[in-house]
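This report describes the fold, the strand pairing and the burial of selected residues in one protein chain. The sequence and the structure are shown first, and the description follows.

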Amino acid sequence: VEPEEILVPPSSSSSPPTDFVEASVRCGALLPGGRGVLYGSDEGSEFRTLRHYDVASGGECRELAPEIEWDVEDILVGEGGDVVVVYNEDGRSAFHHAVLVDSPASSSTDEPADIESS
């Protein structure tokens, strides 16, 4: 099944969007506590990369793990902060495990969570 093309705010913008870019979004998962959404998008990339949409900032988007040059197929997030991202690596599904990491300054939920690959 081919993903639908939708309009999403540009990743570099932290203010309300005034323009939109055309990109496809294939999958997404809510982070525990409503901290944001992890999703896969091909915005500005040949590949569908892992992205974070920060709810607290009003929609700041950023790319995570840009060094992985494969398409994101699926994202699973556990309540304890475990994240599994499924990538299509050369026609095969490969699982990558990561853990949500809060920086010391982020205990007040003003800072978005990061992920750390294992």
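## The β4–β5 hairpin

Leu50 stands opposite Leu64 in β5. The model in which this pair is found is a predicted one. Leu50 itself belongs to strand β4. The two strands concerned, β4 (residues 49-54) and β5 (residues 60-64), pair in the antiparallel sense over five bridges. Together β4 and β5 form a hairpin with five residues between them, and within the turn Gly58 has a positive phi of about 90°.

Leu50 has a relative accessibility of 2% and therefore counts as buried, the limit being under 20%. Beyond the hairpin strands, the C-alpha atom of Leu50 is separated by 7.5 Å from that of Pro66, a residue 16 positions away along the chain.

## Overall architecture

The secondary structure of the protein chain consists of nine strands and zero helices. Read from the N terminus, the order of elements is accordingly β-β-β-β-β-β-β-β-β. The chain has 118 residues, of which 31% are buried.

The accessible surface of the protein chain comes to about 7100 Å², and carbon and sulfur atoms account for 48% of this area. Among contacts in the chain with a separation of 6 or more, 25% are between residues 24 or more positions apart.

## Strand β3 and its partner

Strand β3 covers residues 36-41 and is mostly covered, since five of its six residues are buried. On pairing, β3 and β4 run in the antiparallel sense and share six bridges. In this pairing, Gly36 stands opposite Asp54 in β4. Strand β4 thus pairs with β3 and also with β5.

Which strand holds Arg62? Arg62 is placed in strand β5. Its relative accessible area is 25%, a value between the limits of 20% and 50%, so Arg62 is classed as partly exposed. The C-alpha atoms of Arg62 and Leu38 are separated by 9.8 Å, and the two residues are 24 positions apart along the chain.

## Surroundings of Thr49

Thr49 is found in strand β4. With a relative accessible area of 2%, Thr49 falls under the 20% limit and is therefore buried. What does the side chain of Thr49 contact through polar atoms? The side chain of Thr49 makes a polar contact with the side chain of Arg51, at 2.8 Å.

When residues up to four places away in sequence are not counted, Thr49 touches Tyr39, Gly40, Ser41, Glu63 and Val72.

## The nonpolar core

The largest nonpolar core comprises 15 residues, and those touching the most other members are Leu38, Leu50, Val72, Ile75, Val83, Val85 and Tyr87. At least two residues of this core are supplied by each of β2 (21-30), β6 (71-77), β7 (82-89) and β8 (92-101). Strand β7 gives the most, with three residues.

Two members of that list also appear elsewhere in this report: Leu50 as the residue opposite Leu64, and Val72 as a residue touched by Thr49.

## Cysteines

Are the cysteines named here, Cys27 and Cys61, buried or exposed? Cys27 has a relative accessible area of 12% and is buried, because this value is under 20%. Cys61 is likewise buried, with a relative accessible area of 4%. A disulfide is a covalent bond between the sulfur atoms of two cysteines. The structure holds zero disulfides.

## Positive phi outside glycine

Most residues other than glycine have a negative phi. Ala65 has a positive phi of about 55° although it is not a glycine. Ala65 is located in the loop between β5 and β6. Its relative accessible area of 17% is under the 20% limit, so Ala65 is buried.

Asp90 also has a positive phi, of about 55°, and is not a glycine. The loop between β7 and β8 contains Asp90. Is Asp90 buried or exposed? At 67% relative accessibility, Asp90 lies over the 50% limit and therefore counts as exposed.

Key:
Residues numbered from 1 in each chain as written. Predicted model: local features only at pLDDT ≥ 70, side-chain atom pairs only at ≥ 80, totals over all residues. Heavy atoms only, no water. Disulfide = S-S within 2.5 Å. Buried < 20%, exposed > 50% of the residue type's maximum accessible area, 1.4 Å probe, protein only. Pairing = 2+ DSSP bridges. Helix = DSSP H or I, 4+ residues; strand = E, 2+ residues; numbered from the N terminus. Contact = heavy atoms within 4.5 Å. Areas by Shrake-Rupley, 256 points an atom, 1.4 Å probe, with all protein chains shown as cover. Core = buried A, V, L, I, M, F, W, Y, C linked by side-chain atoms within 4.5 Å. Polar contact = N/O pair within 3.5 Å; in protein donor to acceptor, adjacent residues only side chain to side chain.
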